[in-house]
Each structure stands twice: as C-alpha cells, then as structure tokens.
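Work through the exercises below with the sequence and the coordinates at hand. Each task is followed by a solution in steps.

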Amino acid sequence: MIALLAVALLASGCGRSDDEGGGGGGGGGGSDPGITDKEIKLGGSYPFSGPASAYRAIADGAKAQFAYVNSQGGVDGRKITFKTLDDAYEPPKAVANARRLIEQERVFALFNTLGTPNNLAIWDYVNQQKVPQAFVATGASNWGADVASHPYTTGWQPNYVTEAKIYADYLKKNKGNAKVAVLYQNDGFGKDLLGGFEKAIEGSSVKVVAKESYEVTDPTITSQIRKLAGSGADTFLNITTPKFSALAIATIAKSDWRPLHILNNVGASKTLVLQPVGLGNAKGIISATYFKDPDSPEWADDPAMKEYKDGMKKFAPRANPNEAFCAYGWAAAATMVEALKNMKEPTRESLMESIRSIDTEIPLLLPGIKVQMDGESDGYPIEAMQIMEFDGKNWQLQGDVIQASAQNG
Amino acid sequence: MTSKRLRLAAWGVVLVLAIVLPFFFNAYRVGQFTQAMALGIAVLGLNLLVGYSGQISLGHGAFFALGAYTSAIAIVDLDVPYLLALPLAGAVCAVAGFLLGLPALRLRGLYLALVTLGVAIATPQVIKRAEGLTGGTQGMTVDKVTAPAWSGLADDQWLYFVTLAVTALMFVLAAFLVRGRVGRALVAIRDNEIAARTMGVDLARFKTGTFAASAMYAGVGGALFTLPLGFLAPESFPLALSFAFLAAIVVGGLATIAGALFGALFIEFVPVYAADVDEALAGVIYGGVLILFMYLLPGGVMGLIRKIASMKPRPRGSDDAQAGAVRRLGDRAAGGGAARERVRSQ
C-alpha cells in the first residue's frame, strides 16, 4: 500500500495532462501546435459514413486542393496536411473528433468541419481552446452573427439569410405583387432561410400567403403541397434538402399548379435532384449560386475550371470532378490557403487576424463574388450570389451578381 | 490459497497501472480511458444480468442513456453537483430496471430479448421528442468538471480519478455480490430455473432485483460517460450501443468481474482504430476483429487468462460459473459448435 502511494506521488510529478494537451492558446511568443517551418497541420470532421455521406466529396475536393498547393511548394515552404475524421453526421462524434484533432493530433486549426448541428456542438469547446474553426461547411447565419462570443469560428458559403434576401430581391424586381407559398424544413436551416425571407419582404408588396413545414423523417410531402397549391399562391419558395426538393418538384409536376418555382441552393443539384425527377419537370425553376458549376458547359474553357479538373484528376483520381461538392471543397480549401498565406506569424492568433480581414477572389467562385470579412463588424465571408434559371438542360446564370449582407437590416 | 493471492496481486497491478496511467497520456486519451471505465461499469451491470443470471437484455443502451440524461439534466437544469448526480442517475435507472424486470418474470430467452430490444429502438426517438428536457436533436452541453485546486491535477486527470474511484467501488460491490449467496442463487437460476426454485430461490425477487441492479450499473456508467465529452445527443445512444455492450461481455468473458474491463476497453478503442485503418471499411474491420476474437478466444479475455493460470496445478472448479455461462449461451446459438467444443475441452 505504501509502495502504491509512493508510485502515485512520484507519478503526479510527471506532469499534468493538459500541459501536453496542446489545448490552451499560444500564450506569449513562439509558434502554436501543429505548425512548423515545414508543415501546417489542419483537421476536419466530415460524414464519411451514414445518411449524409454524399458530402464526403467536399473532403475529396479540399484534399486535392491542398495536395495541389503542396506540389507547388506549399505555403511559404510549409506543406499542408489535412487530417480528416468520420463523424457520420452525428454531433457527439463531431465533439469527440474535435477533441482528438486538437488534443491528440495537435492540429494548428480546424477547417471546414461540416454540418450545422455538428458545428454548434463543438464551437463552445473549440473557442474555449482558442483554436481556429475556419470556414465551416454550413450556411447557418449563426457563424457570423456574433463574432465577439465565438471569435474563432467563421462560416464560408453565403448564409441562408443572405440567400433569402437575394430571392426577395429577385421577386421585388421581377414579380412585385407575388403571393408566395413556402415549404420549409422544420429545423435550424429551414427557419433561418424562412425568417430571412420574411424579414426581407417586409414593407414590399410581395406577401407570404401560406407556409407548410415538414420533418426530415417524413415519408412524403404531398399533403403540404396540396395545401400550398390551394392557397392561391402564384410563387413557390422551396426551402428543402435534396430528397424533399425532388419530391416537391415531382408532386407539383403531377398537379395543375404552375407557380414560379424558387428552389434553394441546397436542393439545386442537377445530378442529385433534377435528373431523378426528369429534367423537363425542372424547366423554369429559379435558384441562386456562387461558384462555377463543374457540370455546366458554360465553364468548360475557364482556366480556373481547367486547373481544378486537372488537379482533381491528378490528386483525387477516385472522386468525380463534375460533382459540385468537389468544387465546393476545392474552393473552400483555396480560401484557407489564401488565409494561411497572409498570416504574419505562425500562430493561431495571427491566422484568425488574417481570416477576419480576408479580402480576396477565389478563381472557382463566380466572377465578381468576393470573399470578404472585416473583424467584428462583418463576420460573413461570401455574401453575394447570382440568380440562375434551369432551361431544361442546364442552369443558366441570369443578371448580375447580387450583394446581400446578412447583418444590415 | 495461492490462487487467491495471485488474483489479489493481479488486481493490485491493475490498480497501480490505472493510477499512473493518466500521467503518461494527453488529455484526449485520458478522456478515452475515463469513458472506457464508464463503459466498464455498464458492461459489468449487463454481465450480472446475462452472464450470471442468464437473462438476455438487448436494451442496456437505453438505461445507459437514461442515466446520462438524468445526470445531465440534474447538473444543467437543477444545478445538482455532479457527484450527487451519479447516485441520482443510478436510482432512477434502478427503478426503471425494476419495472422492465417485471415482464422478465414471464418472458424468457428470445422473448425477453425482444422486449428489451424494443426499448433500445425507441430510446433515440423518445429523446428527440422530449425536446424541452433533452434539447432534442440539438443535444445538451454539460459543463466540464473542473479539478479542485488542492488536487494539483488537470481537469481531465481529476475526472479520471473520480471515475476510477467509482469504478473500483462498483467492481468491489459486484464481486462481493456474486461470490456470496446471491451469486449462487443467480447461477442456479441461469443453469436450471426449476431446480433453483425447488432449492428455495425466490425467482421473482432475484430476477427483478438483478434487472434493477444491472440497470443501476448502466445508469451510473452512462452518467460518468458523458462527463469527459461534456456533450450528449440522441446519436450518443444508438441501437448499436446495446449490441456493443453485449459484445463487450462476451469479449471480456461471460460471468466474470474483471472481464468487463477488457470488454469495455475493446468497445472503446477497437472501433476508433478500425476507423484509422480505413474510414470506409471501419465497420468491416471491427466486425472481422470480433469474429476472429470469438474463434480464437471463445471464453473471452478472462477465459484465456484462466487457461494460462490453470497450467499450474491449482484447485479445479473455480471457473465453473463462466464455463457454465458460455456453455449455456453456446448451446442456444446455431452454428456455435466450434466454440462449444473448445469450451468443453477446457
């Protein structure tokens, strides 16, 4: 027993686990964990398994971009390694992954962790640890709404409130007296976009005349569509994830309701949504986008698109470069590379300064769309989109890029 | 006598290792070991039920979840100190276990397994619906346990030692329980219910009592499990968790106390390493390891340890409890021929 105590006492001198945990931010000078003269280590959590595993293509695209940059010498001589873990789109696993990446893999920063509930589950912990949670792969407006409370977390893609404003803007200009029926997913995503839309049409003659919600677990949405069609609306705002976007298009095609159909960006995938229900049924649908569609002939000769497709072929031969998610990952990773390049010192603090003051154009984004943030006053990187209309074969861009900031009114 | 001394010495070594362990690993690893101990408590509880009394439960993930949410709600909404939240979670689960134990009086084998399976299937949905209490799909964040200043420990190390103390207590309790009258009664029920009743064993009392105790263990385990992560959501308690518990008792060794520890380490670490080998094939690798394990070590880790120990001359018969459990469950399983032969030849 005495021996046992002695061992325990001896051992307690050996060190506290958090000393080597690498959690706490880099107080004082010197560099932080995960960055040396030769390497920058980033960590990500994605659904490689489970119902949302289609999103793994984003990780493929990001990894290819980093490999491409490394092949050209890296960032200031530092090669980027991107350690990804599977969370099956489950928040508890995302928390465990974040802890593992920060405390054990000792990454310099988290990048592009995917999913609204997953990022909400980890952001308190990650900010406590003072580790950057850069360019998360979700469009919730949370990420830029209160920079002071979570200074280490930033979004990337246009948030749902920005997107909603762009649709409102389109209607005000093209169909000023629109009577809108809304179908929305009953969760943070659906409510975020709907709330943004309702706020954006305040004071105009565009009116929401009916709204119906569905649960992700619902088998069909036929009754909701029937109610919306019966409301006398002439415009349909479709706030749904891919499976339900397809169901809504198919159900309307079978009915005699012919509204102006606005489909949110999340559901506007040609390969995943429009093809299964028949491209003809999707003719005339309006949506909005912010990056170049790799599947569209419009960009076939674009240098950025060629660079992307060559890079994918070389560094991610198993992935499908025509998949929009791959292009998304490539463009998000390119943004991260820009932020790393502009870092003044190899510290997490300095990376956040660089991210918070980013002002750049990413070649794979639509011309005229900037990635721009400004400290605490503007926490949203991409706040512009362009309207597109489906012509029965491809998405066709329309008009100009529309700027719509989430925070100002 | 030598065997008893050996066993004590082995436990001593385990304890010393357990005490020095958190000083050699980073915070994340220490958290994993803490979680493994919490799983170990739940696995031990299930082993009391399945290994000793022979009643199969496929629903212990539900008790684990109930314990986790009871303590989380107590800590977050009612400001109960976490050390008090543990017995509270245990008590709530004991009552729930007693109630679920009532059908166990009439149902046996597969029928009982199905009732408990139903509970496990319903659990994640129920958690999602009870949004006001549980936070629904958004989950709940529980503040991290902080180490008191006098301890000189990091937070993770402090939580580790708290969990170690609770685990030691629960294991000692279980060991006393199964070595005495109660243990003999449970094994008697498992091996022959009618004979047990003839000998004066009160079936109703022992069966519901075992269910309650077993659920209590799962509840305390669940409460401890969520503390290192500080977050829980419906996805923390999938149906697969109940099966993992079952796998753990078989991997560790049916009807053994120490086996629960090995089983818990197995289900905590093997899936993580499997995912490291190949993210897409994690399930296949985990399953493969499990199958291999059962072919090579049908008696579990403890079966192997006992086999090695029995190479030296020692009194026979001390592993009857485990051999009986393996034989009985093995007899039921179709195609379990190889495993059965191996156990019998021991």
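Two strands count as paired if DSSP finds at least two bridges between them. The model used here is predicted.

**Exercise 1.** Determine how many bridges join β12 to β13 in chain A, and state whether the strands run parallel or antiparallel.

Solution.
- Locate the strands: β12(A) covers residues 384–390 and β13(A) covers residues 395–403.
- Count the bridges between β12(A) and β13(A): there are six, and the strands run antiparallel.
- Check one position: A:F390 lies opposite A:W395 of β13(A).
- Examine the connection: four residues separate β12(A) from β13(A), and the two strands form a hairpin. In its turn, A:G392 has a positive phi of about 100°.

**Exercise 2.** Give the strand order of the open sheet of four strands in chain A, and find which strands stand at the edges.

Solution.
- Read the order: β2-β1-β3-β4 of chain A, with parallel pairing.
- Identify the edges: β2(A), residues 79–86, and β4(A), residues 133–134, each have a single partner strand, so one side of each lacks a neighbour in the sheet.
- Inspect the pairing of β4(A): with β3(A), residues 109–111, β4(A) pairs in the parallel sense over two bridges.
- Name a bridge partner: A:L110 is matched with A:Q133 in β4(A).

**Exercise 3.** Describe how helices α2 and α11 of chain B pack, and which residues make the contact.

Solution.
- Choose the descriptors: packed helices are described by the angle between their axes and the distance between the axes.
- Obtain the values: α2(B), residues 27–52, and α11(B), residues 239–252, pack at an angle of about 75°, with axes 9 Å apart.
- Classify the angle: the range from 65 to 115 degrees counts as roughly perpendicular, and α2(B) and α11(B) are therefore roughly perpendicular to each other.
- List the contact: α2(B) contributes B:A42, B:V43, B:L46, B:N47, B:V50 and B:G51, while α11(B) contributes B:F245, B:A248, B:I249 and B:G252.
- Sort by class: this contact of α2(B) with α11(B) has seven nonpolar residues, three polar and no charged ones.

**Exercise 4.** Compare the radius of gyration of chain A with that of a compact globule.

Solution.
- Take the expected value: for 409 residues, a compact globule would have a radius of gyration near 22 Å.
- Compare: chain A has 23 Å, which agrees.
- Add the extents: along the principal axes, the C-alpha atoms of chain A fill a box of roughly 85 × 55 × 40 Å.
- Add the burial: 54% of the 409 residues of chain A count as buried.
- Add the secondary structure: chain A has 14 helices and 13 strands.

Terms used: Residues are numbered from 1 along each chain as its sequence is written. Chains are lettered from A and ligands numbered from 1 in the order in which they are written. This is a predicted model: local features need pLDDT of at least 70, side-chain atom pairs count only at pLDDT 80 or more; totals for chains, interfaces and linings use all residues. Axes are lines fitted to C-alpha atoms, for helices over the stretch in contact, and angles run from 0 to 180 degrees between N-to-C directions. Angles under 35 degrees count as roughly parallel, over 145 as roughly antiparallel, 65 to 115 as roughly perpendicular and the rest as oblique. Two residues are in contact if their C-beta atoms, placed from the backbone, lie within 7 Å. Ala, Val, Leu, Ile, Met, Phe, Trp, Tyr, Cys and Pro count as nonpolar, Asp, Glu, Lys and Arg as charged, and the others, Gly among them, as polar. The radius of gyration is taken over C-alpha atoms; the globule rule is 2.2 Å times the number of residues to the power 0.38. A residue is buried if 20 or more other C-beta atoms lie within 10 Å of its own, exposed if 12 or fewer, and partly exposed in between; C-beta atoms are placed from the backbone.
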